[in-house]
Amino acid sequence: MSHDSRSSTPSAAPAARPGAVEFRNITKQYGSLTVVNGISLQISGGEFISLLGPSGSGKTTLLMMLAGFTEPSAGQIMVDGQRTDQIPANRRNQGVVFQSYALFPHMTVRDNVAFPLKARGVPEARARELIRTALMRVRMAGFEDRYPSQLSGGQQQRVALARATVFDPPLILMDESLSALDRKLRQEMQVEIKDLHRELGKTIIYVTHDQEEALTLSDRIVVLQNGRIAQVGAPMDIYERPRSIYVASFIGEAN
Ligand code: ADP
């Protein structure tokens, strides 16, 4: 029997999915205050990770460092094997949905969603197509000429999602994004974010102090305590086997 050398060659390992993140011994200090204290964590491309912890535990600071909005005092952050400190924040291939980075009030929905494309020099015809797709994905087609003040909270949130995903980044960073919404809207948006994650397969890193939200959305939860990782694991693992009273008080059976 003839032997086809090509088919007998072991196939190469599948390429890792984009959007992989690695925190290497990251510390952040403000003066004498250490707010992130030697965090190391690996996140695979396509994972949905929640950073969970009470106010002041360092969640936002960790995300801000990944976003490039502030620099670590020590340690390195890698995205897809590349050191992030070598890429300017506005050139990083990541979408951000931060409370502090709300929609631009003086711009229409179209111009808000177009913003990251303009910053990246995407030609206009292509930009129009991408904006249309992004707005359709979040069910906001038809709202192009509205201003943010003419939208409900949930609609604004959807447009913010469209803006963060319009340039197809492998990594999306979300900070307490839903905390301003009422309970019903929050639940609706959770479903949408989960669908978006399923549909687009992007890495999502999601900051929340809401344990239910973290349990519902995440592949893994990182519980933070005073700038350190108290526990990392799949939601059910952490829920059923909290490693400390602290974790239990947040997420476990004892809650
Ligand atoms: P979380 O998101 O878990 O609420 P943060 O990362 O926002 O926590 O904050 C962690 C700690 O760092 C808090 O004690 C906060 O007051 C402090 N902190 C955050 N930003 C600054 C800053 N720019 N200057 C000084 N302290 C800060």
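What pLDDT does the protein average? The average is 89, and 91% of the residues score at least 70; pLDDT is the predictor's confidence in each residue, from 0 to 100. Keep in mind that this is a predicted model, where local features need pLDDT of at least 70, side-chain atom pairs count only at pLDDT 80 or more, and totals for chains, interfaces and linings use all residues. Residues are numbered from 1 along each chain as its sequence is written.

**View 1. The residues around the ligand.** Here you meet the shell, whose members include Tyr-30, Leu-33, Val-35, Lys-59, Thr-60 and Thr-61. A residue counts as near a molecule if its C-beta atom, placed from the backbone, lies within 6 Å of it. By class, the shell has 3 nonpolar, 7 polar and 1 charged residues. Ala, Val, Leu, Ile, Met, Phe, Trp, Tyr, Cys and Pro are the nonpolar ones, Asp, Glu, Lys and Arg are charged, and the others, Gly among them, are polar.

**View 2. Helix 2 beside the ligand.** Helix 2 supplies the largest share of the shell, 3 residues. Helices (H or I, at least four residues) and strands (E, at least two) are DSSP runs, numbered from the N terminus.

**View 3. Helix 1 and strand 1.** Among the elements of the protein, helix 1 (residues 5-8) has the lowest mean pLDDT, 46, while strand 1 (residues 21-30) has the highest, 98. Over residues 1-9 the pLDDT is below 50, and beyond near neighbours in sequence this stretch has 1 contact in the model. Two residues are in contact if their C-beta atoms, placed from the backbone, lie within 7 Å.
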